[in-house]
Amino acid sequence: MTFELIARPRRTVAPGVVHVPDWLDLDAQRHLADACREWAAAGPGARRARLPSGSTMTVAAVCLGWHWSPYRYSRTRDDQDGSPVLPLPGWLRDLGRAALRDAYEDPHLTYDPDVALVNLYDGDARMGQHQDREERAPDPVVSLSLGAACVFRVGNTENRNRPWTDLELCSGDLVVFGRENRLAYHGVPRLLPDRDVPDLGLPPGMRVNVTLRVTDLAD
Ligand SMILES: O=C(O)CCC(=O)C(=O)O
Ligand SMILES: [Fe+2]
């Protein structure tokens with residue numbers, strides 16, 4: 001298997017939006033992928049959420065800390081069997097804080113995410129342009145990608161349309177979006193299944209994305 005020989009540079013895509021390629025080394029990717037596999041298999045498992053329009057998302061997801069279903073958070077898996085949401089482990093919160101500090105190049109930033117969404121993409125799965133706006137806190141979103149590469153589209157804060165910037169996210173990449181672009185529309189228009197992928201024990205062609213956020217909600 002061949003890998004990129006030329007390092008991809010870190011990039012500030014827009015104010016508050018930073019892409020750090022290869023932020024997770026291979027061991028860290030394997031550790032996170034193993035955990036995602038366990039979360040996706042626990043209890044009622046990952047599910048493709050139903051949208052208010054009646055259609056079903058093509059991405060399957062499992063949540064930690066708070067259960068997100070379109071378009072609200074709850075402590076129980078309300079669109080599944082009603083069981084309690086899985087806990088958000090401290091090590092993942094710490095990983096998110098380290099990611100944010102690296103992306104924003106400020107080792108003193110505080111960041112206490114209380115929710116993680118684990119998204120599982122395969123085949124034709126995609127995610128339309130949307131805002132992450134069910135959170136009460138203004139803190140950034142931290143996104144970690146594993147497995148198959150994809151196009152990640154970062155748009156503007158006004159609407160789903162242009163201007164936008166398309167990034168290629170590969171396994172181990174970090175994206176942070178916050179500050180004046182915390183509410184930027186974003187999405188995943190397609191996977192890039194032809195790219196080389198490190199062996200993380202994921203099914204062939206699968207992409208996993210973990211986003212950490214601060215809802216600041218109370219029970
Ligand atoms: O899969 C991604 O990279 C983005 C996921 C996302 O936007 C979300 O979970 O709200
Ligand atoms: Fe999102």
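Which residues is C63 in contact with, leaving aside its neighbours within four places in sequence? This predicted model gives W68, V85, V115 and L117. The close-ups below start from that residue.

**View 1. C63 in the largest nonpolar core.** The largest nonpolar core holds 57 residues. C63, A99, V118, V176 and V208 touch the most other members. Strand 7, residues 115-121, supplies the largest share of this core, with six residues. Two contacts of C63, V115 and L117, are among the residues of strand 7 that point one way.

**View 2. Strand 7 is buried along its length.** Seven of the seven residues of strand 7 are buried, so the strand is largely enclosed by the rest of the structure. V115, L117, N119 and Y121 point one way. A116, V118 and L120 point the other way. Both sets are buried.

**View 3. Strand 7 pairs with strand 4 and with strand 14.** Strand 4 covers residues 56-64 and runs antiparallel to strand 7, with five bridges joining them. Here V62 has V118 as its bridge partner. Strand 14 covers residues 207-213 and is also antiparallel to strand 7, over seven bridges. In that pairing, V115 is matched with R213. Strands of a sheet pair through backbone hydrogen bonds, either parallel or antiparallel.

**View 4. The shell around ligand 1.** Which residues are found around ligand 1? They are L117, N119, M127, D132, S143, F152, H186, V188, N209 and T211. Strand 7, strand 13 (186-192) and strand 14 each give two or more residues to this shell. By class, the shell divides into four nonpolar, five polar and one charged. L117 and N119 also belong to the set of strand 7 residues that point one way, and both are buried.

**View 5. An open sheet of four strands.** The strand order is 8-13-10-11, and the pairing is antiparallel. Strand 8 (127-130) and strand 11 (165-169) are the edge strands, each pairing on one side only. Neighbouring strands of this sheet are turned by 25° against each other on average, direction ignored. Within the sheet, strand 10 (residues 149-154) and strand 13 pair in the antiparallel sense, with five bridges. R153 stands opposite G187, which belongs to strand 13.

**View 6. Two cis peptide bonds.** Most residues other than glycine have a negative phi, and most peptide bonds are trans. The bond that joins P70 and Y71 is cis, with omega about -5°. Y71 sits in the loop between strand 5 (67-69) and strand 6 (72-74). The bond from R162 to P163 is cis too, with omega near 5°. P163 is placed in the loop between strand 10 and strand 11.

**View 7. Two aspartates with positive phi.** D22 has a positive phi of about 55°, although it is not a glycine. D22 lies in the loop between strand 2 (17-20) and helix 1 (26-41). Is D22 buried or partly exposed? With 17 other C-beta atoms within 10 Å, D22 is partly exposed, because burial takes 20 or more. D216 is not a glycine either, and its phi is positive at about 60°. D216 is located in the segment after strand 14. D216 is also partly exposed, with 13 other C-beta atoms within 10 Å.

Note on methods. Residues are numbered from 1 along each chain as its sequence is written. Chains are lettered from A and ligands numbered from 1 in the order in which they are written. This is a predicted model: local features need pLDDT of at least 70, side-chain atom pairs count only at pLDDT 80 or more; totals for chains, interfaces and linings use all residues. A nonpolar core is a set of buried Ala, Val, Leu, Ile, Met, Phe, Trp, Tyr and Cys residues joined through C-beta atoms within 7 Å. A residue is buried if 20 or more other C-beta atoms lie within 10 Å of its own, exposed if 12 or fewer, and partly exposed in between; C-beta atoms are placed from the backbone. Two residues are in contact if their C-beta atoms, placed from the backbone, lie within 7 Å. Two strands pair if DSSP finds at least two bridges between them. A residue is near a molecule or strand if its C-beta atom, placed from the backbone, lies within 6 Å of it. Ala, Val, Leu, Ile, Met, Phe, Trp, Tyr, Cys and Pro count as nonpolar, Asp, Glu, Lys and Arg as charged, and the others, Gly among them, as polar. Axes are lines fitted to C-alpha atoms, for helices over the stretch in contact, and angles run from 0 to 180 degrees between N-to-C directions.
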